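This report is intended for a reader meeting the structure for the first time. It treats a helix pair, the nonpolar cores and a sheet in turn.

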Amino acid sequence: MSDQLQTGLGYDFKRTALLRQAITHSSFAHEQALESSECNQRLEFLGDAVLELCISDFLYHSHPELAEGELSRRRASLVCETTLAEIARQIGLGNYLLLGQGEAQENGRKKDSILSDAMEAIFGAIFLDGGMDAVRNVILTLIKPIATRNVKKIKDNKSTLQELLQKNSKETAIYNIVEESGPAHQKNFVAEVTHKGKPLGKGTGRNKKEAEQNAAAEALKKVKK
């Protein structure tokens, strides 16, 4: 069974004991009178940190246009319990978990909390077994499809505004930065969007693109009315 799990992960463990520890829930360790260090909680702690670093690095380099706030929001959506549980289900992780009888009877194999914790533990185990490059490859292979899907869901206010305006006019919306403040490392921009010379909305942001998107969002409230 572990061979199938490793296939799903796209990684072959050199030390399979680490994989066994990663799928060992504390309820199983308790029932089997194992040492507390033999369950996956310590690996989960490590995997959580590794996961956050890998996703932060990925977002930082793949989205140079995004400000810190948006980077943090996207990271949070990718390292959350729901996302990790989704990945766990995709590779059938629940089938391989070692659970205590009580937890197994209570559908522990389907619980988001248990699945996400075990997923983090596996990342920790891969890090110990193969190093940073190995765990980064596994994490990005599993999470990139979800990251791409999430990006497509993000509403592009500027595009939406333009589509609405073009229903009644051929003129495009014009964006101007009307205010800029703060030190070089922490700039704040204010953008204004106009159409046919008429102001439609203003928005602030850590960079010009974010300010323009927020200005478009404000304008959409008026245009939709």
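In this predicted model, helix H4 meets helix H5 through Glu 52, Ile 55, Ser 56, Leu 59 and Tyr 60 on the H4 side and Leu 71, Arg 74, Arg 75 and Leu 78 on the H5 side. The two axes come within 10 Å and cross at roughly 135°. Angles over 145 degrees count as roughly antiparallel and 65 to 115 as roughly perpendicular; H4 and H5 are therefore oblique to each other. The crossing of H4 past H5 is right-handed.

H4 and H5 are also among the elements that give two or more residues to the largest nonpolar core, together with H1, H2, H6, H8 and H9. This core holds 48 residues, of which Ile 23, Leu 93, Met 119, Ile 122, Phe 123 and Ile 139 touch the most other members. Beyond its neighbours within four places in sequence, Met 119 is in contact with Leu 9, Leu 84, Ile 87, Ala 88, Ile 91, Leu 93 and Leu 142. Another core lies apart from the largest one; its 13 residues include Leu 161, Leu 165, Ala 211 and Ala 219.

The sheet is described next, beginning with the extents of its strands.

| Strand | Residues |
|---|---|
| S1 | 174–181 |
| S2 | 188–195 |
| S3 | 198–205 |

These 3 strands form an open, antiparallel sheet in the order S1-S2-S3. S1 and S3 each have a single partner strand, so one side of each is left without a neighbour in the sheet. On average, neighbouring strands are turned by 20° against each other, direction ignored. S1 and S2 are joined by 7 bridges, and Ser 181 has Asn 188 in S2 as its bridge partner.

Key. Residues are numbered from 1 along each chain as its sequence is written. This is a predicted model: local features need pLDDT of at least 70, side-chain atom pairs count only at pLDDT 80 or more; totals for chains, interfaces and linings use all residues. Side-chain values use heavy atoms; hydrogens and water are left out. Two strands pair if DSSP finds at least two bridges between them. Helices (H or I, at least four residues) and strands (E, at least two) are DSSP runs, numbered from the N terminus. Axes are lines fitted to C-alpha atoms, for helices over the stretch in contact, and angles run from 0 to 180 degrees between N-to-C directions. A nonpolar core is a set of buried Ala, Val, Leu, Ile, Met, Phe, Trp, Tyr and Cys residues joined through side-chain atoms within 4.5 Å. Buried means under 20% relative accessible area, exposed over 50%, partly exposed in between (1.4 Å probe, protein chains only). Contact means heavy atoms within 4.5 Å. Angles under 35 degrees count as roughly parallel, over 145 as roughly antiparallel, 65 to 115 as roughly perpendicular and the rest as oblique. A crossing is left-handed if the near helix is turned anticlockwise from the far one by less than a right angle, and right-handed if clockwise.
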